[in-house]
Amino acid sequence: MNKFLVKVVPLLQVPLKDSSVDIAVFCLSLMGTNLADFLKEANRVLKKGGFLKIAEVSSRFDDVRSFLTALSGLGFKLVSKDTENTHFYSFDFVKTGPALENMKKIAVQLKPCVYKKR
């Protein structure tokens with residue numbers, strides 16, 4: 001029987017050991033201005049070959065290609081993406097190694113969420 005633990009924690013201070021997690025999920029949680037730091041923390045706790053799943057509101061993306069390039073520099077390889085949905089984009093990555101240390105501050109930017117009055 002598999003055991004799963006779901007716990008809410010600060011994204012920059014995840015109380016887990018390095019390379020101890022098989023999968024990390026960011027679902028509508030990349031809202032800060034320091035996205036690269038959040039994703040570096042995911043890289044830290046993920047095992048090599050572990051999976052990173054990201055689901056975000058499609059309106060937040062100006063340039064999907066630059067987002068994917070930044071994730072590559074953070075040690076992730078794209079496995080699959082779904083950018084056909086009009087409301088949400090989803091991405092699956094695999095950890096290939098540590099985030100590149102010698103790169104200048106990796107810019108990962110998404111637009112703010114736009115909420116529509118209904």
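# Notebook: salt bridges, sheet and helices

**Entry 1. Glutamate 41 and arginine 44**

I looked up glutamate 41 and found that it counts as buried, at 12% relative accessibility. The cut-off I applied is a relative accessible area under 20%. I note here that the model is predicted, and I read every value below as computed from it.

Which residue forms a salt bridge with arginine 44? I found glutamate 41 as the partner, with the closest N and O atoms 2.8 Å apart. The two residues are 3 apart in helix H1 (residues 35-45), so about one helical turn separates them. I then checked arginine 44 for exposure; at a relative accessible area of 25%, it is partly exposed. This pair therefore joins a buried glutamate 41 to a partly exposed arginine 44. I also recorded that Asp18, Glu41 and Arg44 are linked in a network of salt bridges.

**Entry 2. The count, and the pair at arginine 60**

I asked how many salt bridges the structure holds. The total is 6.

I next took arginine 60, which forms a salt bridge with glutamate 56. Their closest N and O atoms lie 2.9 Å apart. Is this pair buried or exposed? Arginine 60 has a relative accessible area of 3% and is buried; glutamate 56, at 0%, is buried as well.

**Entry 3. The surroundings of glutamate 56**

I stayed with glutamate 56, which I located in strand E2. Besides its salt bridge to arginine 60, I found a polar atom of its side chain 3.1 Å from the backbone nitrogen of serine 29. I then listed what else touches glutamate 56, leaving aside neighbours within four places in sequence. Its contacts include Cys27, Leu28, Ser29, Leu30 and Met31, and also Phe61, His87, Phe88, Tyr89 and Leu110.

**Entry 4. Aspartate 62 and lysine 111**

I looked up aspartate 62 and found a salt bridge to lysine 111, the closest N and O atoms being 3.4 Å apart. Aspartate 62 sits in the loop between strand E2 (46-57) and helix H2 (64-73), while lysine 111 belongs to the segment after strand E4 (88-95); the pair therefore ties together parts that are 49 residues apart in sequence. I checked both ends for exposure. Aspartate 62 is exposed, with a relative accessible area of 66%, and lysine 111 is partly exposed, at 33%.

**Entry 5. Helix H2**

I moved on to H2 and asked which of its residues are buried. I recorded Val64, Phe67, Leu68, Ala70, Leu71 and Gly73. These buried residues pack against H1, E2, strand E3 (76-82) and E4.

At the N-terminal end of H2, I found a cap: a side-chain oxygen of aspartate 63 lies 3.2 Å from the backbone nitrogen of arginine 65. After H2 comes glycine 75, and I noted that its phi is positive, near 95 degrees.

**Entry 6. The sheet**

In what order do the strands of the sheet stand? I read the order as E1-E2-E4-E3, in an open sheet of 4 strands with mixed pairing. Strand E1 (21-27) and E3 are the edge strands; each has a single partner strand, so one side of each has no neighbour in the sheet. The twist from one strand to the next averages 15 degrees.

I then examined the E3 and E4 pair. The two strands run antiparallel and are joined by 6 bridges. As one example, I traced aspartate 82 to its bridge partner in E4, serine 90.

**Entry 7. How the helices lie on the strands**

I compared the helices with the strands they cross. H1 lies across E1, E2, E3 and E4, and it runs at about 150 degrees to E2. H2 lies across E2, E3 and E4, and it runs at about 25 degrees to E4.

**Entry 8. The whole chain**

I closed with the totals. The protein chain has 2 helices and 4 strands, and from the N terminus on I read the elements as β-α-β-α-β-β. Of its 118 residues, 36% are buried. I also looked up how far apart in sequence the contacting residues lie. Among contacts between residues at least 6 apart, 71% join residues at least 24 apart. For the surface, I recorded an exposed area of about 8,400 Å², of which carbon and sulfur atoms supply 56%.

Terms used: Residues numbered from 1 in each chain as written. Predicted model: local features only at pLDDT ≥ 70, side-chain atom pairs only at ≥ 80, totals over all residues. Heavy atoms only, no water. Salt bridge = Lys/Arg side-chain N within 4 Å of Asp/Glu carboxyl O. Buried < 20%, exposed > 50% of the residue type's maximum accessible area, 1.4 Å probe, protein only. Contact = heavy atoms within 4.5 Å. Polar contact = N/O pair within 3.5 Å; in protein donor to acceptor, adjacent residues only side chain to side chain. Pairing = 2+ DSSP bridges. Axes fitted to C-alpha atoms, helices over the stretch in contact; angles between N-to-C directions. Areas by Shrake-Rupley, 256 points an atom, 1.4 Å probe, with all protein chains shown as cover.
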